[in-house]
2 protein chains.
Amino acid sequence: MATIKDVAKKAHVSVATVSRVINNKGYVNDETKTLVLNAIEELQYVPNELARSLFKKQSRIIGVIVPHMTSYYFAELLEIIENYTIEYDYHIMVCNSQDDEARETKFIRVFQQYSIDGIIIIANTTRIGDYQNLNIPIITIDHKLSDQIPSVSSNNLNGGKLAAEKLASTGCKNILHLRGPSPLITVQARSKGFEQQLAKHGLACRRFDLEFKSPSKDYIQNFIDKNPDADGIFCDSDLIAMHVIQCLKHNNKSVPEDVQVIGFDNIELASIFSPKLTTIAQDKHTIGKYAVETLVKLIAKTELTQKHHQVDVALIERETTRAN
Amino acid sequence: MATIKDVAKKAHVSVATVSRVINNKGYVNDETKTLVLNAIEELQYVPNELARSLFKKQSRIIGVIVPHMTSYYFAELLEIIENYTIEYDYHIMVCNSQDDEARETKFIRVFQQYSIDGIIIIANTTRIGDYQNLNIPIITIDHKLSDQIPSVSSNNLNGGKLAAEKLASTGCKNILHLRGPSPLITVQARSKGFEQQLAKHGLACRRFDLEFKSPSKDYIQNFIDKNPDADGIFCDSDLIAMHVIQCLKHNNKSVPEDVQVIGFDNIELASIFSPKLTTIAQDKHTIGKYAVETLVKLIAKTELTQKHHQVDVALIERETTRAN
DNA sequence: TTGTAGGCGTTATCAT
DNA sequence: ATGATAACGCCTACAA
């Protein structure tokens, strides 16, 4: 690998001059510039980002912590995030926490080691300690670590409300809510919205908590079996909804005639599944875009006018609910 | 951020000594060691990996190029890869090529800039030029860039054979193959195996090529409509298979009674879909593990006994095919 | 407009 | 067993 010295030698100038043309900084004669550019071309010189980062104390790397990747929601979000970071000339180091705190702690160390410029956390962390005094800009998605640390998330409260309104207004009386893990702030907001709206119709619901990563089919079947009177089911992910529909089918219930089902996320498969899933759509594109843009601002030490941002959700009606 | 100098000062020793205890290298008195360790603890010192990398000319970063992430196959693979890299104390920089050559070329530059130690390419590259004289260890998944560049992939040929045998042996006569993009080596191997095995039964098939990322529903419906006599369909991905089943349902065909369908990949959703998908399972775990282990060997300049590795596939029979 | 030189944080060689 | 010091490749005062 050619270094800046090699280029300088070849172009018969000093390294400072080369550095100036690379960075387009300071005065440099057009002729010498051409000379340098030619040398760079010939030597196929690529500046060493490590040396640069060492000097500047920033790496143009953004660390992303995800709980896991094998869920469409996170995979899609990750793709969007990567696309935006590239626009700002950043690159992402992906760390998969597997919902494991020890791993997460390890990653924070790694991020420090690499002088990572900023962190995007999609993890379901409840701990804040390690991040608090880290001195690296952070933005969280789907979770509020503290009032100080900026966040973006869907309007989960409204998501719950929309689902409740749909179920209630189409005549459901015995309603179930198959939730994600209840400690999660997103899950709590959805539950709250769902119940508030249900209450307006004089309705309540029975709940059951599941894992997001791989919701247990047995638990779902069990819960469905124990509530044979159910006529409306709200699920905290499309994956859970798909499982639910399978269980319902197993019990010879028809969807949406006997039971209506609403999912959450609007993953790509929601419209391929059969029956096509009615679901609360999260606007991943806006979320990802906002996360990156905000983090970049944070890195540039721009003041944020608003620390916490909510992105609208929408009810997408397909084949697992009835028309009003 | 505390540096090695700060630690040295606090422990009243030289930076050389601190470096020795950090790296567990060379002689150092137990007492001074404790002194240094205490200073590190107090200062919350974390070694700067950038400076380290600059000196050592290796970054402990592995670059991963994926065509896109919103396909279960790649997402799962990525997760597995990340898990293994961590075991070897490497971290991954993920680059999403979006099947765009310009982007890929840019990434290669980025990889050079960061002194990336090795590259895993899952991309559908046909070009080899940029990688050839890169002087960074590379391993490709699902694609053979050249005889020299090591690769891992599923035994796609056998995958095709297994599918053909299943369809033929259960009496299918009018067979379709909904493939991925035909330039891909994986697609070619599957086609070859499929046709070879079909030929043994005196059978042939009609083919149609689709994108992997988001196979066009309209094209699929069209092809299905044009071949109403079809009684067996082999699809190059589970996603395509799911679409096919939807189209079949739309045409009032029942699966597997009228038409049998076989997918490829065995993504998690294959067993959640309804009907549950019969599919050719790729062993992502073994592929990911092998890729990382091989790359680590390559980085350590270990001679490989075998440059190209194939991983077995298996037919998973579920509800979209009939029993033999 | 260009060059010199010091420093970013680390490791490794050579003395001591 | 420990300490100076040069180097890794780059950037930026400062000097010329």
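This briefing looks at how the protein chains meet DNA strand D, then at one residue of chain B. The model is predicted. Around DNA strand D there are 26 residues. Sugar and phosphate make up 68% of the strand's atoms that come within 4 Å of the protein.

**Residues around the DNA**
- Five residues come nearest to DNA strand D: Ile4(A), Arg20(B), Tyr27(B), Asn29(B) and Lys57(B).
- The surface near DNA strand D has 13 nonpolar, 9 polar and 4 charged residues.

**Helices that supply the surface**
- In chain A, helix 2 (15-23) and helix 4 (49-56) each supply at least two residues of the surface near DNA strand D.
- In chain B, helix 2 (15-23) and helix 4 (49-56) each supply at least two residues as well.
- Helix 2 of chain B gives the most, with 4 residues.

**Contacts with phosphate oxygens**
- An N or O atom in the side chain of Ser19(A) is 3.2 Å from a phosphate oxygen of DNA strand D.
- For Lys25(A), a side-chain N or O atom is 3.4 Å from a phosphate oxygen of the strand.
- Ser14(B) uses its backbone: a polar backbone atom is 2.8 Å from a phosphate oxygen of DNA strand D.

**A look at Asn158(B)**
- Asn158(B) sits in helix 8 of chain B, which covers residues 156-169.
- Its relative accessibility is 27%, so Asn158(B) counts as partly exposed; the partly exposed class lies between 20% and 50%.
- Asn158(B) and Asp312(B) are 154 residues apart in sequence. In space, their C-alpha atoms are 8.1 Å apart.

Notes
Residues are numbered from 1 along each chain as its sequence is written. Chains are lettered from A and ligands numbered from 1 in the order in which they are written. This is a predicted model: local features need pLDDT of at least 70, side-chain atom pairs count only at pLDDT 80 or more; totals for chains, interfaces and linings use all residues. Side-chain values use heavy atoms; hydrogens and water are left out. A residue is near a molecule or strand if one of its heavy atoms lies within 4 Å of it. A polar contact is a pair of N or O atoms within 3.5 Å; within protein, one must be able to donate a hydrogen and the other to accept it, and residues adjacent in sequence count only if both atoms are side-chain atoms. Ala, Val, Leu, Ile, Met, Phe, Trp, Tyr, Cys and Pro count as nonpolar, Asp, Glu, Lys and Arg as charged, and the others, Gly among them, as polar. Buried means under 20% relative accessible area, exposed over 50%, partly exposed in between (1.4 Å probe, protein chains only).
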